[in-house]
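Me: Please take me through the structure below, one question at a time, and give the cut-off behind each term.

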Amino acid sequence: RHRWTRQVESMASFPSGAGKISDSNAVILGEAIASEEKDLVLPSHDFSGQALIPSQHKYLEMYRRSIEDPAGFWSDIALSELYWKKKWGDEVYSENLHVNQGNIKIQWFKGGITNMCYNCLDRNIHAGLGNKIALYWESNEPGFDSHLTYSHLLHRVCQLANYLKSIGVRKGDAVVVYLPMLLELPISMLACARIGALHSVVFAGFSSDSLAQRIVDCRPKVVITCNAVKRGPKTIHLKDIVDAALIESAKDGVSIDVCLTYDNQSTLKRESTKWQEGRDIWWQDVVPTHPTTCEVEWVDAEDPLFLLYTSGSTGRPKGVVHTTGGYMVYTATTFKYGFDYKESDVYWYWCTADCGWITGHSYVTYGPLLNGATVVVYEGAPNYPDSGRCWDIVDKYKVTIFYTAPTLYVTSYSRKSLRVLGSAGEPINPSAWRCPISDTWWQTETGGIMITPLPGAWPQKPGSATFPFFGVQPVIMDEKGNEIDGECSGYLCVKGSWPGAFRTLYGDHERYETTYFRPFPGYYFTGDGCSRDKDGYYWLTGRVDDVINVSGHRIGTAEVESALVSHPQCAEAAVVGVEHEVKGQGIYAFVTIVEGVSYSEQLRKSLVLAVRNQIGAFAAPDKIHWAPALPKTRSGKIMRRILRKIAARQFDELGDTSTLAESGVVDQLIALAGS
Ligand code: WTA
């Protein structure tokens with residue numbers, strides 16, 4: 001085995017965040033730590049030799065500057081890597097993160113004039129990448145594919161941008177995009193960015209109710225969708241879902257003038273697609289008639305780029321708002337270093353995430369295209385027609401960087417091409433692979449990767465996201481809101497702002513402040529629990545609020561509960577997350593039914609259906625646990641802590657049950673657990 005002999009600096013005296021690697025000032029990386037840590041996985045010499053950040057020393061040098069001089073660090077990157085029509089004013093950034101000192105405000109590069117689409121496409125084309133492939137598209141059906149070079153992508157984006165302008169979409173208007181993973185999805189995002197409109201992509205697995213809710217909240221000028229999509233063996237009529245959503249949203253006073261519908265020809269005939277003349281327009285009938293060039297709408301760095309709804313612990317989904325300049329600089333930089341991407345190479349990059357989630361925004365569309373990368377966009381399910389499909393695609397496109405959420409075990413395929421494997425939300429054991437794995441921690445709100453291994457820079461511990469990215473200062477807090485040092489666990493917060501941070505919740509700045517900045521004044525609160533080990537590695541321990549993550553889909557338990565109680569026979573519901581072998585977390589629902597009704601298999605099915613209809617199939621509970629009563633405190637609060645233990649079948653770890661209003665309830669639930 002190769003022996004690492006590089007000396008590393010201690011991280012002990014380091015600006016908050018990085019923690020420490022070792023107590024001694026100089027250790028031999030690998031030997032010293034590996035002797036006590038069986039699970040430590042060292043970067044290979046070959047990989048580190050060519051990595052952008054080849055050593056801990058280099059990381060520390062850059063990290064230190066990013067914390068001590070954020071303005072200098074980020075403006076150097078912004079100026080050298082991206083195009084600005086006009087440079088920002090004197091201040092690179094300004095921030096107030098303290099609720100007691102006025103409104104929460106984060107600004108980066110304010111006064112700088114730029115455009116995201118220009119930076120993704122025109123800038124790269126001017127640099128000679130016009131004929132490079134920007135996007136490969138792989139259909140749900142093996143054997144069908146297509147691709148677009150940077151120049152062709154620009155043409156397609158301009159045609160759509162011109163069409164959108166022709167129907168009156170202007171800077172600052174919202175556009176809802178309800179599309180599956182067709183090339184038209186990133187094209188729609190880029191076209192909006194080109195004209196300064198905000199895209200609001202809604203994951204095409206959401207139901208009509210959820211889509212309607214988002215349409216009502218952001219009042220778009222137009223909705224972009226397609227007639228149907230094949231997901232695995234099933235055909236899903238997306239246009240029908242949009243039709244139903246538009247009827248719902250009209251009831252709330254939001255009517256949509258234009259529904260631009262892409263004819264996804266392999267799925268459903270035009271004649272069979274339900275149509276509302278005057279409102280519905282086929283993409284293919286109008287978009288290609290527009291010119292292939294379109295002037296750029298230059299925007300301020302702080303003008304919004306998009307909104308993306310995400311689930312919180314209570315109430316309606318929140319419209320997370322990202323602005324242009326900071327998000328652009330942050331996604332470009334995190335993509336480059338997080339995946340060790342090099343412009344000079346022709347690397348093909350594949351992120352299995354859907355553009356309906358933040359991962360697809362930052363690491364399918366913006367991060368890779370800003371770097372001039374070649375991206376694989378895949379329409380279908382990772383296990384269709386069988387579980388080898390993922391690796392077929394890796395082999396077919398010679399993917400070198402693969403960023404994925406699902407747990408994938410298949411090893412019978414070659415994977416020869418892979419250089420870096422990334423995962424979000426779940427640990428994968430890197431020792432089973434011949435390439436470094438990036439276990440990245442971040443959130444819709446953070447815009448980009450926050451805590452991540454930099455492949456090649458330091459040894460990994462499976463299950464740990466390791467160390468903070470440049471400019472990120474994670475801190476662990478105790479209950480009372482004190483920062484705790486060293487080996488500890490508590491609430492994960494972030495100190496200071498970073499360029500990719502979200503700026504507000506759409507139309508609800510107060511909720512932004514209350515949810516994220518009030519719990520620990522002066523800090524951004526992530527909603528996650530976290531521990532830091534003796535070597536300074538960060539370990540995410542899961543949400544501390546009522547949000548769960550199912551196969552990379554973020555779901556608020558409150559939303560599932562409200563869908564369940566909308567069922568006429570459901571009196572009360574409490575939903576918790578439970579460990580799930582494949583999905584990471586599964587959805588476990590305790591349900592009390594109305595008096596006089598008896599629990600049956602049929603009722604179970606119709607409860608699950610209620611959730612599918614109101615949110616989407618991906619939020620369907622894995623388990624309905626009939627609960628004659630729920631465990632509550634004397635003041636009527638449901639004791640979720642106990643429910644989580646019952647769901648996990650940890651009956652002897654229920655903890656303190658003395659505050660229960662009725663003690664018999666728990667025994668009753670345990671008795672029913674098997675049923
Ligand atoms: C969870 C996804 C453990 C976390 C990019 C966070 C993780 C939520 C990790 C955000 C990780 C993300 N290890 N947990 N490496 N990465 N999470 O907004 O609970 O869909 O708060 O963004 O996913 O989910 P979101």
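**Ligand contacts and shell**

Me: Which residue places a side-chain N or O atom 2.6 Å from an oxygen atom of the ligand?
Reply: The model is predicted, with local features needing pLDDT of at least 70 and side-chain atom pairs pLDDT 80 or more, whereas totals for chains, interfaces and linings use all residues. Residues are numbered from 1 along each chain as its sequence is written, and side-chain values use heavy atoms, without hydrogens and water. The partner of that ligand oxygen, a polar contact (N or O atoms within 3.5 Å), is the side chain of Arg-554.

Me: How much of the ligand's area does the protein bury?
Reply: Taken alone, the ligand exposes 530 Å² (Shrake-Rupley, 1.4 Å probe). The share of this area that the protein buries is 90%.

Me: Which residue offers a backbone N or O atom to a nitrogen atom of the ligand?
Reply: A side-chain N or O atom of Asp-439 lies 2.8 Å from a ligand nitrogen. The backbone contact to a nitrogen atom of the ligand, at 2.6 Å, comes from Thr-440.

Me: Which strands each supply at least two residues of the shell around the ligand?
Reply: The shell holds 13 residues (a heavy atom within 4 Å), and the closest are Thr-440, Thr-444, Asp-528, Asn-549 and Arg-554. The strands in question (DSSP E runs of at least two residues) are β22 (437–440) and β28 (538–543).

Me: How many residues of the shell around the ligand are charged?
Reply: The shell also includes four nonpolar and five polar residues. Counting Asp, Glu, Lys and Arg as charged, the number of charged residues in the shell is four.

Terms used. A polar contact is a pair of N or O atoms within 3.5 Å; within protein, one must be able to donate a hydrogen and the other to accept it, and residues adjacent in sequence count only if both atoms are side-chain atoms. Helices (H or I, at least four residues) and strands (E, at least two) are DSSP runs, numbered from the N terminus.
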